[in-house]
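Biologist: Before we discuss any assignment, please show me the sequence and the structure. I should then like to ask on what grounds each term is used.

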Amino acid sequence: MAPLIRSTVIALLSSAVAGHGGIWNYSIAGDWRPGFFPYYPAEGQHSIQRHWIDFSPIVDTTSPALVCNNPGDYAEEYATIDAGAEIQAYYPGWPHDIGAVVVWMAYCGPDAGACSSFNGTGRHWFKIDEAGLLSGGMREGLWAQGKLIANNNTWAVTVPETLRGGAYLMRHELVALHVPFKPEFYPECAHLYVVGSGDEVPGEEYLASIPGVWEDDGKELLVHAGVGGEHLC
Ligand SMILES: *[C@@H]1O[C@H](CO)[C@@H](O)[C@H](O)[C@H]1NC(C)=O
Ligand SMILES: *[C@@H]1O[C@H](CO)[C@@H](O)[C@H](O)[C@H]1NC(C)=O
Ligand SMILES: *[C@@H]1O[C@H](CO)[C@@H](O)[C@H](O)[C@H]1NC(C)=O
Ligand SMILES: [Cu+2]
């Protein structure tokens, strides 16, 4: 389920990186909305993004928190969006330029608020976007996360135009690959209500389990590529 990343490995030494991050805001067809901000009190926040605890990565690929972060079970609101419209996610100060960006969706149900009773664990997820190494070499090349940084710390995706209407989770996942053999996962989820005349739903064969899509030991994410032992950044 991870073809782009499967063959891109990083074997490198790296100093520990203190600063991490996540999504602060979403643009829904051009309209900026607050995400949940983990360093403000939860009370008073009205977010389309499920609550998450801090800027740290998830490193255990079997963790329930891999689904929508920790606790990842709740958002006060949802955003209505037309199929075919664009969503941007804003990651202020995102520090890592070596790594992939993957965007997933999961169907919650037909009603606008259906995601509030759907926790997302299990084989529900289809990929709508993924990008890894875009050009150049592993060390100095342009990765999706470098593109994100260059684009004012934003990542844009389009809701598939023919997708059947209904409530969906949208799960952005940054996979930072700067630490040797230790991919870092930064997942966050938003509640959407997709409106459109399409009637397409991904078949079973397109659905992946989260957790479970990534190998337990992360080897799938670790390529050798002849740079073992060297600093990548
Ligand atoms: C962006 O997110 C931050 C943190 O959640 C929030 O304080 C701010 O109001 C948001 N801005 C917009 C335009 O939604
Ligand atoms: C979702 O529910 C299942 C079944 O109750 C549970 O095993 C799983 O840990 C839950 N996931 C999250 C992220 O809470
Ligand atoms: C970057 O994006 C943020 C969020 O939309 C916006 O407030 C800011 O003005 C943008 N900066 C530039 C240089 O475009
Ligand atoms: Cu980090």
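Modeller: Of the 233 residues of the protein chain, 51% count as buried. The model is a predicted one. The accessible surface of the protein chain comes to about 10100 Å², with 52% of that area belonging to carbon and sulfur atoms.

Biologist: What makes up the secondary structure of the protein chain, and how many helices and strands are there?

Modeller: The protein chain has 3 helices and 14 strands. Among its contacts with a separation of 6 or more, 78% are between residues 24 or more positions apart.

Biologist: Why is His 191 called buried?

Modeller: The relative accessible area of His 191 is 3%, and the limit for the term is under 20%; His 191 is therefore buried. The residue is found in strand β12.

Biologist: How do you know that the side chain of His 191 makes a polar contact with the side chain of Arg 50?

Modeller: The distance in this pair is 2.8 Å, and the cut-off is 3.5 Å. Leaving aside neighbours within four places in sequence, His 191 is in contact with residues including Ile 48, Arg 50, Glu 77, Cys 115 and Tyr 168.

Biologist: What makes His 20, His 96 and Tyr 186 donors of the copper ion (ligand 4)?

Modeller: The atoms concerned are ND1 of His 20, NE2 of His 96 and OH of Tyr 186, and they lie 1.7 to 2.5 Å from the copper ion. The cut-off for a donor is 2.8 Å here, so these three atoms qualify. Along the chain the donors follow the spacing H-x75-H-x89-Y. His 20 and Tyr 186 link distant parts of the chain, 166 residues apart: His 20 is in the loop between β1 (12-13) and β2 (25-28), Tyr 186 in strand β12 (residues 184-195). Both His 20 and Tyr 186 are buried.

Biologist: Why is the pairing of Glu 204 with Arg 123 called a salt bridge?

Modeller: The closest N and O atoms of Glu 204 and Arg 123 are 3.4 Å apart, and the term requires a distance within 4 Å, so the pair meets it. Glu 204 lies in the loop between β12 and β13, and Arg 123 in strand β7 (residues 122-131), so the salt bridge ties together parts that are 81 residues apart in sequence. The structure holds 5 salt bridges.

Biologist: Is Glu 204 buried or exposed, and how do you know?

Modeller: Glu 204 has a relative accessibility of 53%. The term exposed applies over 50%, so Glu 204 is exposed. Its partner Arg 123, at 43%, counts as partly exposed. The C-alpha atoms of Glu 204 and Trp 125, 79 residues apart along the chain, are separated by 9.7 Å.

Biologist: What makes the meeting of Arg 164 and Asp 199 a salt bridge?

Modeller: The N to O distance between their side chains is 2.7 Å, against a limit of 4 Å. Arg 164 sits in the loop between β10 (154-158) and β11 (166-176), and Asp 199 in the loop between β12 and β13, 35 residues apart. Arg 164 is partly exposed at 32% relative accessibility, whereas Asp 199 is exposed at 54%.

Biologist: How do you know that Arg 33 and Glu 77 meet in a salt bridge?

Modeller: Their side chains come to 3.3 Å, N to O, and the limit is again 4 Å. This pair links strand β3 (residues 31-34), which holds Arg 33, with the loop between α2 (65-68) and β4 (79-82), which holds Glu 77; the two residues are 44 apart. At 29% relative accessibility, Glu 77 counts as partly exposed.

Biologist: Which residues surround ligand 1, and what polar atoms lie by its oxygen atoms?

Modeller: Ligand 1 is surrounded by Trp 24, Asn 25, Trp 32, Arg 33, Pro 34, Gly 35, Phe 37 and Tyr 40. An oxygen atom of ligand 1 is 2.4 Å from an N or O atom in the side chain of Asn 25. Polar backbone atoms also take part: that of Trp 24 at 3.2 Å and that of Pro 34 at 3.1 Å. On its own ligand 1 has 360 Å² of accessible area, and the protein covers 61% of it.

Note on methods: Residues are numbered from 1 along each chain as its sequence is written. Chains are lettered from A and ligands numbered from 1 in the order in which they are written. This is a predicted model: local features need pLDDT of at least 70, side-chain atom pairs count only at pLDDT 80 or more; totals for chains, interfaces and linings use all residues. Side-chain values use heavy atoms; hydrogens and water are left out. Donors are N, O and S atoms within 2.8 Å of the metal (3.2 Å for Na, K and Ca); water is not among the atoms, so sites may look incomplete. Helices (H or I, at least four residues) and strands (E, at least two) are DSSP runs, numbered from the N terminus. Buried means under 20% relative accessible area, exposed over 50%, partly exposed in between (1.4 Å probe, protein chains only). A polar contact is a pair of N or O atoms within 3.5 Å; within protein, one must be able to donate a hydrogen and the other to accept it, and residues adjacent in sequence count only if both atoms are side-chain atoms. Contact means heavy atoms within 4.5 Å. Accessible areas come from the Shrake-Rupley method with a 1.4 Å probe; for residues, only the protein chains shown count as cover. A residue is near a molecule or strand if one of its heavy atoms lies within 4 Å of it.
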